[in-house]
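Thanks, everyone, for making the time this morning. I would like to take you through how two chains meet, and I will give each criterion as we reach it.

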2 protein chains.
Amino acid sequence: MQHNHTIAAVATGEGGAISVIRVSGPEAIPICDKLFLGVNGRELHTQEGYTLLYGTIEPVEGEVVDDVLVSIFRCPFSFTGEDMVEISCHGSTYIKQELMRLLNEAGAKPAGPGEFTLRAFLNGKMDLAQAEAVADLIASDSRGAHDLAMNQMRGGYSDEFRTLRGQLLDLAALLELELDFSEEDVEFADRLKIGELMDQLSARIGRLKESYAWGNVIKNGIPVAIVGSPNVGKSTLLNALLKEDKAMVSDIPGTTRDVIEDVINIRGVQFRFIDTAGIRYTDDTLEAMGIERTRKRMTTASVILFVAEATETVQEIDSKLKSIDWQPRQHTILLLNKADKSPGSTEALKKALEETTGLPVIAISARTGENLEELTAYLYTLAGSAPEGADVIVTNARHFEALSEAYRAIEQAKTALENQLSGDLLAEDIRHVLHHVGTITGDAPTTEDVLGAIFSRFCIGK
Amino acid sequence: MQHNHTIAAVATGEGGAISVIRVSGPEAIPICDKLFLGVNGRELHTQEGYTLLYGTIEPVEGEVVDDVLVSIFRCPFSFTGEDMVEISCHGSTYIKQELMRLLNEAGAKPAGPGEFTLRAFLNGKMDLAQAEAVADLIASDSRGAHDLAMNQMRGGYSDEFRTLRGQLLDLAALLELELDFSEEDVEFADRLKIGELMDQLSARIGRLKESYAWGNVIKNGIPVAIVGSPNVGKSTLLNALLKEDKAMVSDIPGTTRDVIEDVINIRGVQFRFIDTAGIRYTDDTLEAMGIERTRKRMTTASVILFVAEATETVQEIDSKLKSIDWQPRQHTILLLNKADKSPGSTEALKKALEETTGLPVIAISARTGENLEELTAYLYTLAGSAPEGADVIVTNARHFEALSEAYRAIEQAKTALENQLSGDLLAEDIRHVLHHVGTITGDAPTTEDVLGAIFSRFCIGK
């Protein structure tokens with residue numbers, strides 16, 4: 001992976017008053033000097049790191065592209081560990097494009113997704129788990145997701161895995177010792193100690209692996225689909241749920257425009273509503289394609305809120321329910337909407353439906369807000385809860401995979417120990433555990449493919 | 001207009017790896033010091049202006065909101081002329097929102113649109129025309145619009161009006177002189193000189209006023225609607241026009257996502273295509289509302305491309321043309337599409353339609369690209385051209401209004417002079433001219449209402 005050329009990218013979002021363009025690499029400062037004209041003739045290469053200069057981007061004298069503020073960072077005291085320049089310019093589409101064109105012409109290549117963070121990792125500024133947390137931090141839109149990403153980025157998360165790795169290395173050393181002296185019949189005494197150590201490590205890896213269920217909920221939220229015939233009140237329900245949540249959202253100007261619609265936050269857990277407009281229970285093939293798309297999106301939901309009307313019969317509702325096919329892993333809640341319109345008969349209908357369908361049934365009124373609290377409380381229980389006594393929560397699918405592999409290997413080692421298999425087989429298993437735990441922080445060798453997959457998920461400019 | 005409190009706003013756009021939050025005002029540095037924990041315990045208030053510090057936003061020890069880079073600027077050496085702090089943080093929705101909340105809590109008020117630039121103007125960092133150019137510069141998405149805004153922001157534009165104002169003041173002095181000595185019969189000799197001066201000034205103001213037609217085209221582009229029955233090839237035409245232009249658009253990653261779709265650039269002039277999908281020539285009232293909305297959007301177009309098929313008859317096309325109502329100020333071009341399908345008869349149809357409708361008719365093929373160059377050349381002629389010998393181009397509607405008022409007043413003064421009216425009436429007219437020209441740069445007193453109207457068009461954070 002060659003990274004001795006200089007890269008540049010727009011690091012800020014679309015629109016806005018200010019944009020920042022980042023340049024990193026051995027030629028970052030001379031490249032920017034070709035374009036920058038500092039006030040009082042100041043040049044970038046004569047400046048120390050952590051200097052701020054005001055001037056113009058003026059590749060040809062008199063042809064000012066923009067008035068800019070330039071920050072200079074010198075290797076290794078920068079985000080990437082290389083020489084870096086950050087150009088703060090006006091947020092105009094034309095200026096950003098022209099600046100990128102000029103930087104390109106002057107010798108900087110456009111950066112790929114996550115290329116700045118990749119360089120930070122390769123230059124030893126952070127380990128792999130920390131680098132991955134940078135993308136998570138940028139994507140975080142709730143306090144829970146932010147706190148997990150921040151702990152991971154600042155190294156608290158990696159510390160846990162380093163400690164674990166240390167203990168695994170101790171175990172491996174014990175096994176090596178046993179192998180060396182296996183002729184001398186000392187193994188039985190040590191096997192007991194090894195077994196205890198393995199139990200502890202297996203429990204620890206298991207806890208970390210299981211924390212992913214909660215970590216994934218905190219990081220990605222829970223996808224929910226509201227499903228039902230037209231006019232049963234799906235949109236009214238969504239609006240009522242959103243409205244309840246909206247009161248808790250900050251109203252500070254300049255931040256609200258970023259808030260994603262159709263997400264409700266129940267005690268820190270985000271429920272993301274999937275648009276399922278257009279689901280119909282009809283044999284009409286005319287709209288089949290549109291409905292097919294909706295069905296596909298529905299399969300990505302973890303929770304399905306199936307909305308029926310409290311005025312319908314058990315048979316009607318049951319047959320509609322049977323007409324949609326869901327996955328076994330999807331939690332389905334049956335909602336009897338417009339319960340305020342037939343208060344007398346709703347309770348009986350609810351009981352009958354619970355019996356017939358085996359699903360949890362809640363009678364609500366999206367219009368009056370009746371029982372919406374019961375619904376949100378029920379949704380919250382589906383999120384699970386934070387694992388007890390776990391300081392570190394795994395949020396990353398790659399880490400979960402690595403932990404699953406490590407867990408399989410340590411369980412195998414335990415069985416080998418129980419079956420009195422020889423020490424070298426045990427040592428082989430423990431090496432596997434070590435390898436998988438090591439890939440999380442990048443302490444074990446990582447292939448270019450893995451790095452490519454990790455950083456391609458990043459945004460450009462980071 | 002009170003501006004001694006401290007303001008804060010997110011200055012960068014949505015998304016992106018980095019966000020920048022700006023804080024300006026007398027308390028900017030102490031407010032940020034409450035939240036910032038610098039590496040090695042460094043505090044902001046001990047630092048000089050143009051300093052860059054690395055550290056954390058950590059209002060409560062151990063609760064890190066983000067790792068940040070902070071730039072410090074000291075009054076008057078900042079954009080606003082006040083103490084300023086720029087916090088460069090990760091571009092997460094949560095972090096931006098939390099930082100704004102913390103700054104608010106620490107005493108900074110959320111900034112209104114353009115409030116930073118308003119302060120720069122009020123603190124004498126720039127005149128009013130320069131302040132207005134900041135918003136134009138940020139909005140610029142073509143080289144032409146950029147160059148005009150940049151010249152205006154850097155003061156070249158204001159120089160023109162200062163020179164003009166100087167000449168008007170000379171004229172006013174001459175008139176005062178005449179008033180003082182009016183008893184002494186010196187006026188006739190001076191009247192000739194005054195007449196010459198007025199002619200020169202009137203011509204100059206007239207030229208500036210007229211430059212607005214071109215300035216407006218460069219700044220805002222020309223809105224174009226493609227209109228016609230379904231399936232005549234409207235989308236194919238738009239795609240063909242866009243595709244021709246796309247080749248000229250830079251392909252540098254990170255910039256293209258900002259490029260606005262459906263804009264074609266013909267020799268520096270932007271033609272902005274208005275979506276008119278759904279226009280039908282039918283009496284069916286079912287879709288009336290949708291069509292009504294399209295019709296409304298159509299009225300905002302300066303140019304209408306009416307697409308018909310070369311296989312239709314003169315009567316069919318003419319009756320469709322008559323069924324849509326356009327404004328007299330709209331240029332309409334009749335396009336005969338699919339000309340490649342009936343090459344023999346198209347020329348005769350074109351001639352007949354030119355005669356019947358009085359409109360320019362171009363036979364094209366959106367599919368093969370036939371005659372598209374003729375169409376773009378014709379569109380370009382509709383844009384007009386840069387006024388000859390004009391260094392300064394007016395792009396601002398407020399400036400155009402002021403120049404129109406100034407022109408009226410100077411023409412009135414000329415008539416007064418011709419009619420041998422007394423010097424004090426002439427002086428009154430010239431005072432009007434001076435006032436209107438002065439409002440452009442803010443040299444004449446500006447009301448809060450006018451300032452409010454100017455800066456409310458800005459984005460937040462600038």
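I will begin with conventions, then turn to symmetry, and then to the interface.

This is a predicted model, in which local features need pLDDT of at least 70 and side-chain atom pairs count only at pLDDT 80 or more, while totals for chains, interfaces and linings use all residues. Residues are numbered from 1 along each chain as its sequence is written, chains are lettered from A in the order in which they are written, and side-chain values use heavy atoms, with hydrogens and water left out.

A turn of 180 degrees with a shift of 0.1 Å along the axis lays chain B on chain A with an RMSD of 0.2 Å, the superposition being by least squares on C-alpha atoms of residues with pLDDT of at least 70 in both. The two copies are thus related as by a two-fold rotation axis, and in chain B the residue closest to that axis is G13(B), with its C-alpha at 2.3 Å.

At the interface, 62 residues of chain B are in contact with 62 of chain A, where contact means heavy atoms within 4.5 Å. The buried area, that is, the accessible area (1.4 Å probe) lost on being put together and summed over both parts, is about 5,300 Å², with 63% from carbon and sulfur atoms. On the side of chain B, I18(B), L52(B) and Y94(B) lose the most area to chain A, together 12% of what that side buries.

As for charged pairs, the rule (a side-chain nitrogen of Lys or Arg within 4 Å of a carboxyl oxygen of Asp or Glu) finds 4 salt bridges across the interface.

Notes:
Buried area = accessible area lost by both parts, 1.4 Å probe.
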